[in-house]
Amino acid sequence: MPFYSATTTWGTKNEQTTKMEYSALVTSKHVNYKLVDSGLIINERYPQFGASPDGMTFYCECCGDGCLEIKCPYSMKEKPILDLTIDCKHTYYYQMQMQMFLSDRQYCDLYVWCPHDHHYERVYRDNALWQNMFIVALEFHSKCVMPELLCPYFSRRQVLSPNAVTGKEQIPISTQNDDGRKMIMCENENCTKVWFHTKCIKLKHVPKRKWYCGECK
């Protein structure tokens, strides 16, 4: 069933208008610039990964091939775009890096639109960042996504290395120093700690049944 909200409806409604505005701006500043729509791109070498840019540069004589990411933030519906900085700390930056590497493009144009303002910025490939992103994404896919597709219950008991765990709510809780070894997840969905080092809780074997931490038993 399709997902609808005020935010997604606003973005869908204004995407084509925004793309036309971007195309008019860029075409006037580049040589033989052509933009085409893009669907889901599956990477040939790593088919488990895909990306869906809002557009692909078919040809640009002065800059080469790139891709386009459009944002129509609902939060800026009635106000101008202020203090927007795209760097390695911004979520847009990670999204565009993934799109560039999976589509084999050298740059990604970000065009943020609102009724009273717009922000245009070109972001280039960050090879060092991509190496780290790729390692984490590959491990997440093999240890989280695939088990969930094969048997959803299995992933609830999946043991991961600390490098595969991301997000503040999943930081490993330990009573000792991090030994870099295996972790186990508490089965209680309301657990405030979630992940535990098996060595720190003196757990020698992963139980076949559901496991709960000391606070959730």
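This text goes through a predicted model of one protein chain, from its overall make-up to two of its residues.

The protein chain has four helices and nine strands. Read from the N terminus, the order of these elements is α-β-β-β-β-β-α-β-β-α-α-β-β. Of the 217 residues in the chain, 39% are buried. The chain exposes about 13800 Å², and carbon and sulfur atoms supply 54% of that area. Among contacts with a separation of 6 or more, 57% are between residues 24 or more positions apart.

Glutamate 121 gives a local view of one strand. This residue is found in strand β7, which covers residues 117-124. Aspartate 109 lies 12 residues away from glutamate 121 along the chain, and the C-alpha atoms of the two are separated by 5.9 Å. Aspartate 109 is also one of the contacts of glutamate 121 when neighbours within four places in sequence are left aside; the others are Ile86, Cys108 and Leu110. Within strand β7's own stretch of sequence, 117-124, the side chain of glutamate 121 makes a polar contact with the side chain of histidine 119, at 2.8 Å.

The second residue is threonine 198, placed in the segment after β9, the strand of residues 195-197. Is threonine 198 buried or exposed? Its relative accessible area is 11%, and buried means under 20%, so threonine 198 counts as buried. Not counting residues up to four places away in sequence, threonine 198 touches Lys182, Met183, Ile184 and Leu203.

Notes: Residues numbered from 1 in each chain as written. Predicted model: local features only at pLDDT ≥ 70, side-chain atom pairs only at ≥ 80, totals over all residues. Heavy atoms only, no water. Helix = DSSP H or I, 4+ residues; strand = E, 2+ residues; numbered from the N terminus. Buried < 20%, exposed > 50% of the residue type's maximum accessible area, 1.4 Å probe, protein only. Contact = heavy atoms within 4.5 Å. Areas by Shrake-Rupley, 256 points an atom, 1.4 Å probe, with all protein chains shown as cover. Polar contact = N/O pair within 3.5 Å; in protein donor to acceptor, adjacent residues only side chain to side chain.
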